[in-house]
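Biologist: Could you take a close look at one loop for me, and then follow up with whatever else helps me place it? Keep it informal, but spell out your cut-offs.

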Amino acid sequence: DCVTASARHAGSSVAVASFGEYQVIQNYLDLITPNVFDRTNVCTPSCVGGKDGYTVPEGKVPMMEHLIRNVLNQSPEEIKARTVLFDDQPDNIERAQRSGYIACFTPDAFTRQAWPSIREFLPKSIHRGSNGVKSWASVIKH
């Protein structure tokens, strides 16, 4: 996946927050980005007290905060303004923005074809490969 590779090349952390079932998400990620994702950087509803395959009442925000605490060992308050959520659901985008996160609406999912619009959304520093965005939460369509 070109977005994941670009983020990692720039020194950013990459994680997935998905309402899907963990093993289904993991199998998909292993196909497109082998050896990048595991249970530590893939958050499903069961990580935050919910049931995999179902939404979380507060949307992706609690899942993002779980990932920030567990992947980066930081407080969400410290880095939320540098954390990007890509999502295909407007409710998740609105909740993330209201909570202070950067959020990019990707209605056609998180795909290679979406990269041009995603790239334009990101801070210019990521285009040069610097460390402008410290963490990413990417969401795949399921």
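Modeller: Sure, let's start with N73, which sits in the loop between α3 (61–71) and α4 (76–79). Helices here are DSSP runs of H or I with at least four residues, strands are E runs of at least two, and both are numbered from the N terminus. Before going on, a caveat: this is a predicted model, where local features need pLDDT of at least 70, side-chain atom pairs count only at pLDDT 80 or more, and totals for chains, interfaces and linings use all residues. Residues are numbered from 1 along each chain as its sequence is written, and side-chain values use heavy atoms, with hydrogens and water left out.

Back to the loop: N73 is not a glycine, yet its phi is positive, about 55 degrees. N73 counts as exposed because its relative accessible area is 65%; the scale is buried under 20%, exposed over 50% and partly exposed in between, with a 1.4 Å probe and protein chains only.

Another asparagine worth a look is N35, in the loop between α2 (22–32) and β2 (42–43). Its phi is near 65 degrees, again a positive value in a residue other than glycine. With 77% relative accessibility, N35 is exposed.

Just along the chain is V36, which R8 touches, along with V14, once residues up to four places away in sequence are set aside. Contact here means heavy atoms within 4.5 Å. R8 and V36 are 28 residues apart in sequence, and their C-alpha atoms are 9.6 Å apart in space. R8 itself belongs to helix α1 (residues 2–9) and is partly exposed, at 46% relative accessible area.

What about helix α2, where L31 lies? L31 is exposed, at 72% relative accessible area, and joins Y28 and I32 in a nonpolar surface patch of about 310 Å². Patch residues have over 30% relative accessible area and no salt bridge; nonpolar side chains (Val, Leu, Ile, Met, Phe, Trp, Tyr) are joined within 5 Å, like charges within 9 Å. A salt bridge puts a side-chain nitrogen of Lys or Arg within 4 Å of a carboxyl oxygen of Asp or Glu. The areas are Shrake-Rupley values with a 1.4 Å probe, and for residues only the protein chains shown count as cover.

Last, the cysteines: a search of the whole structure turns up 0 disulfides, meaning pairs of cysteine sulfur atoms within 2.5 Å. For C43, the nearest cysteine sulfur belongs to C47, 4.0 Å away, and C43 is in no disulfide. C43 is buried, at 0% relative accessibility, and C104 is buried too, at 6%.
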